[in-house]
Amino acid sequence: MSEPRIKYRINLKKIEQLSVSQRTELLPVAQKFKFRANDYYLSLINWDDPDDPIRRIVIPQEGELEPFGRLDASNEESNYVAAGCQHKYKDTALLLCNEVCGAYCRFCFRKRLFQDNNHEVLYDVTPGIEYIAAHPEISNVLLTGGDPLMLKTEQLEDIISRLREIDHVSIIRLGSKIPAFNPYRIINDPKLLALFKKYSTREKRIYVMAHFNHPNELTEVSREGLDLLMQAGVITVNQTPIIGGLNDSPEILAELMNKLSYAGVPPYYFFQCRPTEGNAPFDIPLVKTFRVIEEAKRLVSGLAKRIRFVMSHELGKIEMVGLTDQHIYLRFHRARYSADEGRFMIFQRNDQAFWLDDLSPVNEIPVSVSEYCLQAS
Ligand code: SF4
């Protein structure tokens, strides 16, 4: 595939496809929540369509200035155990190794990282690596940020090779939207692919947690990038929030799930959009999200149906597993505190609720699913 040189765009005033008045109107939004895009990704937009999905992902909108949510909706601040390193679930640590992405999603849950006064990201990940080496219970490390694939390949190799020296780290994951934002980063860097080939081994794989939100992002070029990752021994899965006006229709979601699974990228998580500041135009209530997902699941094959719908809450990954006229049923899929592991919870149905904190519990049936099973047998 031929290689265009991808230019990054950070100045909204220079996005000529927007009218002068649009640029002026949206400038205060971009001043509050940074704008960033690139030529490849912008080329996917149909500028005649004001509701174009790619446009909704990266172009600022006035509604972002409405009061809504908190900057750190899942209280990630409480997860830091060393500079640049979060440890919330026993077996998994996060290294925040970069504070830029190939573009900025308007609904980003970590948009605080892009603000000039934020210092959560550490380019020198040594303190985090030392912490991980000293904690044998950590078998999974997620490189995140920002986007680790925005690092130079040499920087990435430095981090990955140091992690591979730690025996108890088996899985290295890269949370990345580069396969959607700029597949040429993968296609045009043989050294990156060689790095993956070297460190993604039969015993210890590297995973890319991709972030395709809409089927329009699955272009021929992005499929080539995904294919090269696969050939380099990387396992790629996909996770996406459900975003109002973007992918909150069963048909669009089913198309996304089907196309991903056809390309060999299993859909892994659907996330409830976090109530993050600036997300008023994007967040939709839990009940609506659940119904859209359940409808979409009827339209896809078993491989795509494995996906789970979760809230990345401060207390853990909480899966929504059921809905009746009166109740919402939730279960801890991952828990911050071991006593919550598998805990099943029933809440009063509330069609306006966006987050766990908006729900009122009916009761909590026995402490954990395992305990429940014991009692039932
Ligand atoms: S790719 Fe992820 S971290 Fe980067 S802007 Fe989008 S949601 Fe935020």
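Which residue lies over the face of Phe 109, and at what distance from the ring centre? In this predicted model, that residue is Arg 274, placed 3.8 Å from the ring centre. Both Phe 109 and Arg 274 also belong to the lining of the largest pocket, where they are among the residues that lie nearest its centre. The pocket therefore offers a suitable point of entry to the structure, and the aromatic contacts follow from there.

The largest pocket has a volume of about 1000 Å³. Its lining comprises 43 residues, and Arg 110, Thr 144 and Gln 239 join Phe 109 and Arg 274 as those nearest the centre. By character, the lining divides into 19 nonpolar, 15 polar and 9 charged residues. Several strands contribute: β4 (85–89), β5 (92–98), β6 (140–145), β7 (171–175), β8 (206–210), β9 (235–242) and β10 (267–272) each supply at least two residues of the lining. The largest share, 4 residues, comes from β10.

Aromatic side chains form a second theme. The structure holds 8 aromatic pairs. In one of them, the ring centres of Tyr 104 and Phe 114 are 3.8 Å apart and the planes meet at 15 degrees; because planes under 30 degrees apart count as stacked, this pair is classed as stacked. Tyr 104 and Phe 114 both sit in the loop between β5 and α4 (126–133), 10 residues apart. Each of the two, Tyr 104 and Phe 114, is buried.

A further pair joins Phe 107 to Phe 282, with ring centres 5.7 Å apart. Their planes stand at 70 degrees, and an angle over 60 counts as edge-to-face, so the pair takes that class. Phe 107 lies in the loop between β5 and α4, whereas Phe 282 lies in the loop between β10 and α11 (286–297), so that the contact links parts of the chain 175 residues apart. Burial is assigned under 20% relative accessible area. Phe 107 is therefore buried, with a value of 4%, and Phe 282 is likewise buried, at 0%.

Tyr 268, Tyr 269 and Phe 271 form one aromatic cluster. The residue range of β10, 267–272, takes in these positions.

What lies over the face of Phe 33? Here the residue is Lys 111, at 4.9 Å from the ring centre. Together with Arg 274 over Phe 109, Lys 111 over Phe 33 shows a basic side chain set against an aromatic ring.

Terms used. Residues are numbered from 1 along each chain as its sequence is written. This is a predicted model: local features need pLDDT of at least 70, side-chain atom pairs count only at pLDDT 80 or more; totals for chains, interfaces and linings use all residues. Side-chain values use heavy atoms; hydrogens and water are left out. On a 1 Å grid over the protein atoms alone, a cavity is a set of points where a 1.4 Å probe fits but cannot get out, and a pocket is an open set with protein on both sides within 12 Å along at least five of seven lines; lining residues have an atom within 4 Å of a point. Grid points are joined across faces, edges and corners, and a volume is the space filled by probe spheres set on the points. Ala, Val, Leu, Ile, Met, Phe, Trp, Tyr, Cys and Pro count as nonpolar, Asp, Glu, Lys and Arg as charged, and the others, Gly among them, as polar. Rings of Phe, Tyr and Trp (its six-membered ring) pair if their centres lie within 6.5 Å; planes under 30 degrees apart count as stacked, over 60 as edge-to-face and the rest as tilted. Buried means under 20% relative accessible area, exposed over 50%, partly exposed in between (1.4 Å probe, protein chains only). A charge sits over a ring if NZ of Lys or CZ of Arg is within 6 Å of the ring centre and within 35 degrees of the ring normal.
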